[in-house]
Structure formats: C-alpha cells, structure tokens
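Reader: I would like a close look at one part of this model, with the rest of the chain as background. Please pick a sheet and walk me through its surroundings.

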Amino acid sequence: MREEEYLKKVFERFGVSSSVEKLVKDTIKMPTYKRAEILNNLRLIKRRAGLSLALITLFRQQVNSGFVLGDPLNEKEERLIKDDKTGINFILTWNPDRELRKDHKKLIERGIIAEKVDKKRLVNIDSKGKACYLCWKNILEQNPGEIILKVKLADEFFYIGSNFAYITNNHFTIMNSKHRPQIFRAEIINFMLSFVEKTNSFFRIIYNGLAGASIKEHEHLQATSESFPVESVNKGEAIIKDRDFELFSPVYYVPLFIVKGKSRRRIKEVSTYIIKEWESISENNTENLMMMGKDREFYLFIFLRDKKKLRGNGKSGALASFEVSGRMVLSVNNENFNERQIFEKEGIWWIRKVYEDIKPEEKMVQKFKKQIFSYFGGKA
C-alpha cells in the first residue's frame, strides 16, 4: 500500500480538516534535524485530532527518515493459519528487516545509533557499563534519529518512540519517564486503560512482564494499531458476570483470562488480583498482557507465563505478548534457526507445539483457575 493511499484512509477514519491533513503531510516529510518543529507539529495534531493521529504521523516521519528499519506499508509476506479449536486465524509473518537491529555498523550508518557518545552525559549505567536504552536522556544522546513524544498516562509521564525493529505498522515503545524496573504493579493497568482511552481504541497496548521483556531494568509497554488474532478467540460463556465486568477463561494454548467491562475500577481490581495471585504462587510466574477497546468497553487479555519457559520449538528468541496473542514474527535464517522454512511449510501443529513448550505446569494452572472462580464467585 502506498503512503498516500494509507493516509487517505486514516484521514477518512478520523474525519480531520484539510488544515490538519496538510500539517500531517508536511510533518512526515521533515528531516529529523527539525526535531523541535516536528514535536511542535505533533502536539498541534494531538490537540486538534487526537493522540492516534499524532502517533501515526510520528511513525511515518520515522519511516521516511530511515529510523524505522523498513516500511510496514510495503507488501509483506504473511500466512493465515486457521484453527477451528480456538476460532482464530493465527498469523505468521516473515520480516527479515528485524535482523538489521543486530548490525551495529549499519545502525550507525543509518543514524539510528550514535557512533560516539559522551558517556559523562549518560544516566543509569549498569554493572557492565551500558546505559539504559529506554531512559529519555540516554535516547537523546545515543539515538540521534529517534523522536520521542511525551504523554501523560493516568498520573505518570511517558515517552513514546517508534520501534525501529518494528513487528507491525505503528509499533511503538512506551517508556516511563522514570527509571524503574519492569515489575508488575497495579498502576500498569491504569496506564493501559488511559492509553486505550486516549487513542479512542484505535491502538492496542501490551505489557510484557518477565516473559519477553528484553529490557528488565526500565518499565515500558508497547503499542500497535494492528489487531491481534486472539481478539477473535471463542470466549465461551463468562465464568463470572456482574453489572461491572465479565471474566472469561477460553480454550487457548496458553492459559488465558479475559476481563471485559466498562468500569475502569473493576477492571483494575479484578486483573490486579489475578496477576498478583498468580505471581505469588511461584517466583517463576509472570504474565503477558494485551488490552484493546471496543464499543466503549475494555478488554484485557491476561496470559499466564513461566519465566523458565520462554522459548518454543524452532522459534528464535523469547515469546512475548505479540506471539502469545497470535502473531508469530519470523526473521532468522541461519545454521541455528531456519525460520524461513517454518514460515513456508509449518501449520497449526507447529503453532500448538510452540505454545505447548511455553505453557506453565497444567496442575498449577487448573488449581489457580479454581481459586479465581471461587474468589469472584463469592464476591461478584
């Protein structure tokens, strides 16, 4: 799809004025050295047309300037794999652009990372001498091609930047303005709710606990404008239902709860209880989260994970929220991992096997589900 065609659809979707259209088109063509002007334009777009259009504009500018390693609008190789058991069409995507993130020399050539950095200006340096990649002060020093937008989610400030090794279109990293560890706290749910609300449900937001988070020292989330296959899972009947929320536990290959409702307070209470109780059972227990909005309701998908079971058969890298939500991104083709062959030949049995490899212990999961049902069955 050409950029012009994509933007036309976006403008129709948001019903923006001709002046805003011009502002978006002008901004996405600007070179990154006009950072101050770009940020001023993004704030103006956000004020006039909302956060979603500001983020789309930012991502297109980062694609056009070369910060993002490829253009997701270009035709990509994808396969849909139907699964009658769950009602899902899983997605396999071949995206070799992601492998460029490992080529340090090329990243310097493209201006994605700086060749020389004054280390005295860096903050939060770890025991190995590496400065945190997600601290905004370090980004300004180390990533000359990146533009980050400051936003307030719930009661805290975050910086949003385009993910240069994108998985989907409009793929962003949402970094807390403060350097704090990637450990779940109840406020995470508030941030997710706030982001979905501020983007009018155009974006999905995800949180990787200690299952897939590549940078564990700095609290962050991710976002995308593209849907996830798990959204169409056969939910079945709600195991708990009251006027404020519904709780589902559908048949899926990774243990899954779905909390649905309009009440932000109840969604936070219910989901926080589930996550905290799961983490309390074992020091290895963690989670992946994905939130979306539809018809003025929030949907939070809670995937139960085990820190020691992060990798699946034939798949390079840890499986995180994108993968457990049904999007399998493949990019490696070497002597260790032939993901190209997987992309071309494998089907639902391979997907099921990958998920089987990362599932927590079944007995523990079943016992936990009974606990959740009993707790909310008596309280709801």
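Author: What follows is a walk through one sheet, then outward to the rest of the chain. Keep in mind that the model is predicted.

Start with the sheet itself. It is open and has three strands, in the order β1-β2-β13. The pairing is mixed. Two strands form the edges: β1, residues 77-83, and β13, residues 327-330. Each of these pairs on one side only. Ignoring direction, neighbouring strands in this sheet are turned against each other by 20° on average.

Helix α11, residues 348-358, packs on this sheet. The helix touches β1, β2 and β13. Its direction makes about 80° with that of β1.

Now take the pairings one by one. β1 and β2 run antiparallel, and seven bridges join them. Strand β2 covers residues 88-94. E77 has W94 in β2 as its bridge partner. E78 stands opposite T93, also in β2. The two strands form a hairpin with four residues between them. There, G87 takes a positive phi near 80°.

On to the other pairing of β2. Four bridges join β2 to β13, and these two strands run parallel. L92 stands opposite M328 in β13. How many of the seven residues of β2 are buried? Six are, and the strand is mostly covered.

L92 also belongs to a core. The largest nonpolar core has 76 residues, and F195, I274 and L289 touch the most other members. A second, separate core of 35 residues includes L92, L256, I348 and I351.

Just before β13 comes a loop worth a look. S325 is found in the loop between α9 (321-324) and β13. Why does S325 count as buried? Its relative accessibility is 0%, and the cut-off for buried is under 20%, so S325 qualifies. Leaving aside neighbours within four places in sequence, S325 is in contact with F228, P229, V230, Y252, M290 and F303.

Next, the largest core. Helix α4, residues 51-64, gives the most to the 76-residue core, with eight residues. L289 has a long list of partners. Not counting residues up to four places away in sequence, L289 touches F184, I188, I189, M192, I205, I206, Y207, I275, L300, F301, I302 and S321.

Three of those partners, I205, I206 and Y207, lie in strand β6, residues 204-208. β6 is mostly covered, with five of its five residues buried. In a regular strand, side chains alternate between the two faces of the sheet. Which residues of β6 share a side? R204, I206 and N208 are on one side, and I205 and Y207 are on the other. All of these are buried, and both faces of β6 are covered.

β6 has pairings with β7 and β11. Three bridges join β6 to β7, residues 220-224, and the two run antiparallel. I206 has Q222 in β7 as its bridge partner. Four bridges join β6 to β11, residues 285-294, again antiparallel. I205 has M291 in β11 as its bridge partner.

Now the cysteines. How many disulfides does the structure hold? Zero. Why is there no bond between C132 and C135? The sulfur of C132 is 3.7 Å from the closest cysteine sulfur, in C135, and a disulfide needs the pair within 2.5 Å, so the gap is too far for a bond. C135 gives the matching result, with the sulfur of C132 as its closest cysteine sulfur at 3.7 Å. Both cysteines are covered. C132 has 7% relative accessibility and counts as buried. C135 has 6% and also counts as buried.

Last, the chain as background. Its secondary structure comes to 12 helices and 13 strands. Buried residues make up 54% of the 380 residues. Among contacts with a separation of 6 or more, residues 24 or more positions apart account for 66%. The C-alpha atoms fill a box of roughly 55 × 50 × 45 Å along the principal axes. The radius of gyration is 21 Å. A compact globule with 380 residues would have a value near 21 Å, so the chain agrees with that rule.

Terms used:
Residues numbered from 1 in each chain as written. Predicted model: local features only at pLDDT ≥ 70, side-chain atom pairs only at ≥ 80, totals over all residues. Heavy atoms only, no water. Core = buried A, V, L, I, M, F, W, Y, C linked by side-chain atoms within 4.5 Å. Buried < 20%, exposed > 50% of the residue type's maximum accessible area, 1.4 Å probe, protein only. Contact = heavy atoms within 4.5 Å. Pairing = 2+ DSSP bridges. Axes fitted to C-alpha atoms, helices over the stretch in contact; angles between N-to-C directions. Rg over C-alpha atoms; globule rule 2.2 N^0.38 Å.
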